[in-house]
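Here's a quick walk through one chain, from its strands to its helix packing. Have the sequence and the model side by side as you read.

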Amino acid sequence: IAAMVILIFRPESLLSISFQMSFASVAALIAFYEAYRQKEYLLFKSQSMWQGMGKFFASILLTTLIATVATAPFVVYYFGTIPSYGLLANLLVMPIFTLITMPLALLGLILLPFGAGGFLFEMMGFSLSLISSIACFVSGFKGASSVLPQIPLAALILFVLSGLWLVLWQGRARYVSALPFVLAGLFMLSTDKPDVLISENGRLIGVKTDQGLALSEKGSSYVA
């Protein structure tokens, strides 16, 4: 419903990476927990405090893993990288986000009409700064991201079709989603790296040579 409302008022959002990644991860999470909700409920029906904490952190890891897999094709297509320590970063960040950031945001919005939300938003800002610091710390690890060649658009579309089929259909019909997934993988393997890359503004040009990648200008920018 949220996706349809957004597309009615801003149809161009369909082509934005934020829209695609957000709803890909949400759709995958809903489908997974819908399929296993009964089993998960029975498993944690009676629990101690330690079991509850274990469930909380296990849920963070599982949720992160599902969202990472669901958004991986978009990450590779748009950014050409795969984060290596996403699970670790989320394990450190999500308790802060869940127990501090979101409750403060909700309380701040409730009290905002009464002129009492400012302090809560300041505290929320502090928690977001802490989250940002943790993200920068983890991203500084050696091998924090793996650079991959950009996948072709046809492969991305096939990945999306595979994911949609997997989350929307029920029963054994879900296995059909393996077909477009395999085809997308074949597209990726058959795609050669480009010989020449030009940045959007035309200021940076990269050419593949026998000695490696030759750049028109040196720098440590993200584009380079």
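How many residues sit between β4 and β5 in the hairpin they form? The answer is two. Keep in mind that this is a predicted model. The hairpin strands, β4 (residues 205-209) and β5 (residues 212-215), run antiparallel and are joined by four bridges. If you want a spot to look at, take V207, whose bridge partner in β5 is A214.

Stepping back, the chain has seven helices and five strands. In sequence order they go α-α-α-β-α-α-β-α-α-β-β-β. The C-alpha atoms fill a box of roughly 60 × 50 × 40 Å along the principal axes. Of the 224 residues in the chain, 22% are buried. Take the contacts with a separation of 6 or more: 58% of them link residues 24 or more positions apart.

Now for the nonpolar cores. The largest is a set of ten residues: A24, F74, V76, Y77, I151, A155, L156, L158, F159 and A184. Two or more of these residues come from each of α3 (49-79) and α6 (153-168), and α6 is the top contributor with four. Y77, one of the core residues, touches Q150, I151, P152, L153 and L156 once its neighbours within four places in sequence are set aside. There is also a second, separate core, with six residues, among them A89, V93, I131 and I134.

Next, follow α6 over to α7 (residues 178-189). The axes of these two helices come within 8 Å and cross at roughly 160°. Angles over 145 degrees count as roughly antiparallel, so that is how α6 and α7 run relative to each other. Their crossing is left-handed. Here is who meets whom across the pair:

| Helix | Residues at the α6 and α7 contact |
|---|---|
| α6 | A154, A155, L158, F159, S162 |
| α7 | P180, F181, L183, A184, G185, F187, M188 |

A155, L158, F159 and A184 turn up in the largest core too, and in this helix contact as well.

One last stop is L183, in helix α7. Is L183 buried, partly exposed or exposed? Its relative accessibility is 37%, so L183 counts as partly exposed; buried would need a value under 20%. L183 also makes a handy starting point for a jump along the chain: G202 is 19 residues away from L183 in sequence, and their C-alpha atoms are 33 Å apart in space.

Conventions: Residues numbered from 1 in each chain as written. Predicted model: local features only at pLDDT ≥ 70, side-chain atom pairs only at ≥ 80, totals over all residues. Heavy atoms only, no water. Pairing = 2+ DSSP bridges. Core = buried A, V, L, I, M, F, W, Y, C linked by side-chain atoms within 4.5 Å. Buried < 20%, exposed > 50% of the residue type's maximum accessible area, 1.4 Å probe, protein only. Contact = heavy atoms within 4.5 Å. Axes fitted to C-alpha atoms, helices over the stretch in contact; angles between N-to-C directions. Parallel < 35°, antiparallel > 145°, perpendicular 65-115°, else oblique. Left-handed = near helix turned anticlockwise from the far one by under 90°.
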